[in-house]
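Here are some short exercises to work through with the model open beside you. Try each one yourself before reading its solution.

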Amino acid sequence: MKDNLPFLQVSPLCELCSGAEESCRHLFFECDWSRNLLGLAANWIGVEAVHFKFQNWLRWLRYGFKVKWRRQMIRAVVAACVYTIWSERNRRIFRHQQLHPHQAFRLLQTELAVKLVNSNWAKANGPNSFLLDRIRTAI
Ligand SMILES: [Zn+2]
């Protein structure tokens with residue numbers, strides 16, 4: 001994160017929005033670009049978008065879902081979002097290219113759907129097909 005590199009002569013601003021200094025908290029939980037992506041992902045899997053504050057995310061991931069398969073699913077989607085946000089940041093720094101959150105979400109959605117539908121998780125949770133049906137729509 002740029003907030004740990006004050007000795008480098010680089011802009012301290014967030015690569016995604018330029019609206020705040022880049023920090024872990026800002027990039028993954030407060031940035032408008034990231035919040036847009038997380039909102040699209042939440043909508044896709046049919047969960048209510050939580051208030052986008054860091055502590056709420058932690059609480060939500062830890063206690064938000066009592067059912068194990070659903071909790072695992074949510075964690076997989078959030079992990080994919082974190083990976084996508086970090087990739088987008090690096091794309092802008094190193095390749096000087098950028099994606100709109102909708103474009104990045106579409107890539108995330110397709111890649112994750114293929115992996116999940118073909119996973120052991122899907123085989124073990126076949127009866128819980130509401131979520132799997134929703135995921136399959138992305139393929
Ligand atoms: Zn930002």
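**Exercise 1: an unusual backbone angle in a loop**

With 7 C-beta neighbours inside 10 Å, H96 counts as exposed. The model is a predicted one, so the exercises below rest on computed values.

Task: Find where H96 sits and describe its phi.

Solution. Start with the location: H96 belongs to the loop between α4 and α5. Next, look at the backbone: phi of H96 is positive, about 55°, although this residue is not a glycine. For background, most residues other than glycine have a negative phi. Finally, check the surroundings: exposed residues have 12 or fewer C-beta neighbours within 10 Å, and H96 has 7, so it is exposed.

**Exercise 2: the segment before α1**

Task: Work out which residue in the segment before α1 has a phi near 60°, and decide whether S11 is buried or exposed.

Solution. The residue is S18, whose phi is near 60°, a positive value in a residue other than glycine. S18 lies in the segment before α1, a helix that spans 24-30. Its neighbour count is 10 C-beta atoms inside 10 Å, so S18 is exposed. S11 is also placed in the segment before α1. Around S11 there are 11 other C-beta atoms within 10 Å, so this residue is exposed. As a last step, take the distance from S11 to E22: these two are 11 residues apart along the chain, and their C-alpha atoms are separated by 9.2 Å.

**Exercise 3: the chain as a whole**

Task: State how many helices and strands the protein chain has, and what share of its residues is buried.

Solution. Count the elements: there are 7 helices and 0 strands, which gives the pattern α-α-α-α-α-α-α along the sequence. Then turn to burial: 20% of the 139 residues count as buried. Lastly, consider contacts with a separation of 6 or more: 48% of them join residues 24 or more positions apart.

**Exercise 4: the largest nonpolar core**

Task: Identify the residues that touch the most other members of the largest nonpolar core, and the helices that each supply at least two of its residues.

Solution. The core has 19 residues, and those touching the most other members are L37, A41, V77, C81 and L108. The helices α2 (32-44), α4 (68-95) and α5 (101-117) each contribute at least two residues to this core. Now zoom in on V77: leaving aside residues up to four places away in sequence, V77 touches A41, I45 and L112. As general background, nonpolar side chains in soluble globular proteins tend to be buried together.

**Exercise 5: how α2 packs on α5**

Task: Describe the packing of α2 against α5 by angle and axis distance, then list the residues that meet.

Solution. Begin with the geometry: the angle is about 45° and the axes are 9 Å apart. That angle makes α2 oblique to α5. The crossing of α2 past α5 is right-handed. On the α2 side, the contact involves W33, N36, L37, L40, A41 and W44, which meet P101, H102, A104, F105 and Q109 of α5. By type, the residues of this contact comprise 8 nonpolar, 3 polar and no charged.

One more residue completes the exercise: R106, found in helix α5. R106 has 14 C-beta neighbours inside 10 Å, so it counts as partly exposed. The C-alpha atoms of R106 and L37 are separated by 9.7 Å, with their positions 69 residues apart along the chain counted as the separation.

Notes
Residues are numbered from 1 along each chain as its sequence is written. This is a predicted model: local features need pLDDT of at least 70, side-chain atom pairs count only at pLDDT 80 or more; totals for chains, interfaces and linings use all residues. A nonpolar core is a set of buried Ala, Val, Leu, Ile, Met, Phe, Trp, Tyr and Cys residues joined through C-beta atoms within 7 Å. Helices (H or I, at least four residues) and strands (E, at least two) are DSSP runs, numbered from the N terminus. Two residues are in contact if their C-beta atoms, placed from the backbone, lie within 7 Å. Axes are lines fitted to C-alpha atoms, for helices over the stretch in contact, and angles run from 0 to 180 degrees between N-to-C directions. Angles under 35 degrees count as roughly parallel, over 145 as roughly antiparallel, 65 to 115 as roughly perpendicular and the rest as oblique. A crossing is left-handed if the near helix is turned anticlockwise from the far one by less than a right angle, and right-handed if clockwise. Ala, Val, Leu, Ile, Met, Phe, Trp, Tyr, Cys and Pro count as nonpolar, Asp, Glu, Lys and Arg as charged, and the others, Gly among them, as polar.
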